[in-house]
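I set out to look up where empty space is left in this structure and what surrounds it. The entries below are kept in the order of the search.

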Amino acid sequence: MPGLIQRTGALAVAIGCAVIASAGATTADGTGTAADTIYHNARFYTVDEAQPWVEAVAVQDGRYVYAGSAEGVKAWQGAATELIDLGGAMAMPGINDAHVHSQRGGVKSLFECSFPFSATPDQIAARVAECVDDNPEALWIRGGQWSSGFFDNHDIDSPREFLDAVSGDKAVLLNDDSNHNGWVNSKALQLAGIDADTPDPADGTIVRDPVTGEPNGLLLEGAEQRVSDQLPAWTDQQLRRGTLEAMAIANRFGITGMKEAYASPQSMAVFQGLDREGQASVHMALAIETPYGHREQPLDYDHIDELQQRYLSDNVHTRFVKLFMDGVPTSSRTAAMLAPYTGTDADDPASAGTLHLPAELLTRDLIELDKRGYTVKIHAAGDRSVRVVLDAIAAARKANGDSGLRHELAHAGYIDDSDLPRFAALDAVADLSPYLWHPSPIMDSVVAAVGSPRGEQYFPVKTLLEAEAPVLAGSDWPAAVETIDPWLGVEAMVTRRDPSGQYPGTFWPEQAVSLEQALRIFTLAGARALGLADTTGSIEVGKSADLIVLDRDLFTIDADDISDTRVKLTLFQGRPVYRAQTQVSQ
């Protein structure tokens with residue numbers, strides 16, 4: 001990976017290395033080819049049901065050639081084999097984040113006007129004013145993210161005027177923690193051509209002053225998109241820097257595979273370029289973007305085919321597509337639900353949220369994409385949206401037979417009881433967000449909007465697993481969560497408690513799963529979502545040596561300490577791409 005410098009970790013690494021320096025490519029007894037590297041003196045959790053634990057592994061040309069006993073690995077030792085003593089640590093396969101917006105996360109961390117989800121009005125005002133001062137030549141200030149419950153918890157008469165007071169002559173767009181809704185100032189509304197006479201889009205809402213009818217600065221779903229469409233595109237160089245930053249951050253947390261959940265042609269070109277330069281440090285699956293929001297016409301399938309072929313490379317996998325069916329079930333109330341939200345007029349068709357696409361159009365698109373060999377990730381957060389998507393998958397199965405493609409329902413947190421068995425029957429994947437499975441402001445916003453008791457019945461992962469439904473996990477970073485750190489998600493899956501300890505209690509603890517189940521979802525299930533189940537996700541002979549070494553044994557600590565896990569070493573295809581307290585440049 002020329003030029004890729006990984007960030008340092010939080011803890012020192014106690015890894016002793018004994019290197020046998022003499023040349024040679026055969027084993028000591030001359031009977032076979034020697035391994036490049038042997039890792040030993042560790043507890044390797046393989047996620048391979050046939051052999052869950054091993055004592056040593058051997059790596060040749062970036063792949064495992066042996067996984068087994070400390071005695072058996074000696075057969076792979078040659079004069080030039082590097083022996084690495086892991087000091088009794090726990091090691092396991094690299095993590096696969098199967099739903100992430102990594103490039104946006106990297107760009108956000110480098111270039112946007114960012115503040116924590118917990119920021120107060122005063123803190124946001126100060127941060128925006130600082131960004132305005134730091135960017136005198138900029139027309140736009142973009143950033144975020146404010147909490148979904150921010151305006152429920154803070155009495156701000158006019159969000160637009162609040163930003164006007166600190167934004168000078170700049171246009172400002174701040175996204176919320178879901179990345180579906182926006183908060184803008186008067187200049188941004190002006191540039192987007194939104195005023196009191198502008199009708200709401202079919203897939204969104206321009207929130208208005210109840211007295212004057214003027215836009216108050218809050219834009220939901222498609223209305224936010226109208227403003228974000230005005231933003232200048234990031235340059236290729238900015239995207240390149242953001243992508244390198246995202247991969248470095250991912251490797252630091254032990255992530256060796258990611259599915260980019262919404263990839264534009266520009267971003268696909270950047271991923272491919274870095275891969276061809278040898279700077280990829282993760283397996284990357286790219287879900288090709290399609291138009292966001294309301295649409296009446298079918299997709300341009302031939303154009304998708306052209307993009308898929310153009311941007312394919314060794315570590316960039318492109319046979320994936322992203323569709324959106326609804327919004328989010330927070331206080332914005334834009335996910336499509338079977339029952340009305342609280343605080344709405346039940347006679348209003350939008351009281352239960354809205355579908356972005358007509359069911360017939362979704363079905364047409366899905367049948368054709370399935371026929372052409374694409375795995376489709378469909379944002380479906382509400383139980384009505386989930387049902388419509390499952391119906392479309394059923395239609396694709398009927399039209400095309402079983403293609404073997406496992407289409408994914410992203411953020412399918414609310415699922416009607418009658419639809420739960422359909423996931424297994426259709427081999428449809430519940431793409432879930434375990435980082436949110438605990439008490440928090442965003443969950444308070446969701447429960448308040450959906451209402452009790454339905455609101456508390458969010459993310460039924462244990463029920464899905466018991467029904468033999470395929471399940472995967474993704475961070476959705478930088479939406480919904482402030483960090484890509486997978487250990488927060490693993491702990492929340494196991495405990496249903498807040499890993500940070502800020503918010504007491506549990507969230508639907510009956511749906512907690514075992515550590516083994518959680519790790520399998522974050523490794524092998526994620527690999528399958530990337531189309532790489534035969535390549536990565538477990539420690540098995542023939543697979544890519546994507547290995548992480550941890551600072552603790554997850555199976556011997558209290559579950560509430562899982563989120564404190566730090567990675568000491570990350571290998572991607574047998575190469576060190578992160579080592580704590582040490583810069584790694586290859």
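The entries that follow concern a pocket, a cavity and a pair of helices in a predicted model.

Entry 1, the pocket. I looked up the largest pocket first and recorded a volume of about 1300 Å³. I found 50 residues in its lining, and those nearest the pocket centre are H101, R104, N179, Q225 and Y262. I then listed the elements that give two or more residues to this lining; among them are helix 1 (102-111), strand 12 (171-176), helix 6 (222-228), strand 16 (255-263) and helix 13 (441-450). Sorted by class, the pocket lining holds 22 nonpolar, 17 polar and eleven charged residues.

Entry 2, the position of the pocket. I asked which domains give residues to the lining of the largest pocket. Domain 2 (102-229) and domain 3 (236-536) both do, so the pocket lies between them.

Entry 3, the cavity. I searched the whole structure for cavities of 30 Å³ or more and found one. The largest cavity has a volume of about 50 Å³. Its lining includes T243, M247, F271, L274 and D275. By class I noted seven nonpolar, two polar and one charged residues in the cavity lining. Helix 7 and helix 8 each supply at least two of the lining residues, and helix 8 gives the largest share, three residues.

Entry 4, the two helices. I looked up how helix 7 (residues 236-252) and helix 8 are placed: their axes come within 10 Å and cross at roughly 60 degrees. Helix 7 is therefore oblique to helix 8. I recorded the crossing of helix 7 and helix 8 as right-handed.

Note on methods
Residues are numbered from 1 along each chain as its sequence is written. This is a predicted model: local features need pLDDT of at least 70, side-chain atom pairs count only at pLDDT 80 or more; totals for chains, interfaces and linings use all residues. Side-chain values use heavy atoms; hydrogens and water are left out. On a 1 Å grid over the protein atoms alone, a cavity is a set of points where a 1.4 Å probe fits but cannot get out, and a pocket is an open set with protein on both sides within 12 Å along at least five of seven lines; lining residues have an atom within 4 Å of a point. Grid points are joined across faces, edges and corners, and a volume is the space filled by probe spheres set on the points. Ala, Val, Leu, Ile, Met, Phe, Trp, Tyr, Cys and Pro count as nonpolar, Asp, Glu, Lys and Arg as charged, and the others, Gly among them, as polar. Domain bounds come from an automatic or database domain assignment. Axes are lines fitted to C-alpha atoms, for helices over the stretch in contact, and angles run from 0 to 180 degrees between N-to-C directions. Angles under 35 degrees count as roughly parallel, over 145 as roughly antiparallel, 65 to 115 as roughly perpendicular and the rest as oblique. A crossing is left-handed if the near helix is turned anticlockwise from the far one by less than a right angle, and right-handed if clockwise.
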